[in-house]
Amino acid sequence: MALFGALFRHNEQCHFGARERRIVVKEGDQIVGALVPQYNWDTIPERELRPGVTQKVVRGDNVVIGLTTLQPGMETSPHKHPYEQLFMILKGRITLHIGDQTFDCPAGTVIRIPPNVMHWGEGPKEEDGPALNLDVWYPLRPDYAKFSDYQTDQFSPDAAVIEEA
């Protein structure tokens, strides 16, 4: 009960959107509760990565997730990075290149892309319409995490303590 009372008291006292409000309840070194905000893809800010590619980003303390819309005729961008990446097509169809391999990726495709391997996607065909892609990068990708400044939560052990259980 102390956990919920502490969270309730905190919620009454603070502006929920303030970035410095990293509120957790700890029992010793263990996090036993937290003030957890809810997000919705419909309200997350969108950015244009390049012509034909827009993305929304949400992050955890150690991971970044990107929801990307890929338009027919989009610019391709071969690249590699030091992050492990899980690539998923939720809607539509694209062609994905990883190293010397090429994959036809209809909706439902899940591919694990290793770190430091050149990869890129070809845009969907006009008749297939836009594709919706979900990517997960681990560990935290700082160049993408910076686009999640709207987020107010952090659960790492150094987060602010409001009550020891």
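In the predicted model, the side chains of Glu84 and Arg112 come together in a salt bridge, with a nitrogen-to-oxygen distance of 2.4 Å. This pair connects distant parts of the chain, since Glu84 belongs to strand β6 (residues 84-91) and Arg112 to strand β9 (residues 110-113), the two positions being 28 residues apart. The two partners fall into separate accessibility classes: Glu84 is partly exposed, because its relative accessibility is 25%, whereas Arg112, with a relative accessible area of 60%, is exposed, the cut-off for that class being over 50%.

The salt bridge between Glu84 and Arg112 belongs to a set of 3 found in a search of the whole structure. Another joins the side chains of Asp104 and Arg93, for which the N to O distance is 2.8 Å. Asp104 is located in strand β8 (residues 101-106) and Arg93 in strand β7 (residues 93-98), so that this contact ties together parts of the chain lying 11 residues apart in sequence. Asp104 counts as partly exposed because its relative accessibility is 48%, and Arg93, at 33%, is likewise assigned to the partly exposed class.

A further salt bridge is formed by Arg141 and Asp143, whose closest N and O atoms are separated by 2.9 Å. Here the arginine is buried, because its relative accessibility of 7% lies under the 20% limit that defines this class. Its partner Asp143, by contrast, has a relative accessibility of 33% and is therefore partly exposed.

The search for open spaces in the model gave a largest pocket with a volume of about 310 Å³. Its lining is made up of 23 residues, and those lying nearest the centre of the pocket are Arg50, His79, Gln85, Asn133 and Asp135. Several strands contribute to this lining, with at least two residues each coming from β3 (46-50), β4 (53-59), β5 (64-70), β6, β7, β10 (119-122) and β11 (131-138). Two of these contributing strands, β6 and β7, also take part in the salt bridges described above, β6 through Glu84 and β7 through Arg93. In terms of residue character, the lining of the largest pocket comprises 11 nonpolar, 9 polar and 3 charged residues; Arg50 and Asp135, both named among the residues nearest the pocket centre, belong to residue types that count as charged.

Notes:
Residues numbered from 1 in each chain as written. Predicted model: local features only at pLDDT ≥ 70, side-chain atom pairs only at ≥ 80, totals over all residues. Heavy atoms only, no water. Salt bridge = Lys/Arg side-chain N within 4 Å of Asp/Glu carboxyl O. Helix = DSSP H or I, 4+ residues; strand = E, 2+ residues; numbered from the N terminus. Buried < 20%, exposed > 50% of the residue type's maximum accessible area, 1.4 Å probe, protein only. 1 Å grid on protein atoms, 1.4 Å probe; cavity = no way out; pocket = protein on both sides within 12 Å on 5 of 7 lines; lining within 4 Å. Points joined across faces, edges and corners; volume = space filled by probe spheres on them.
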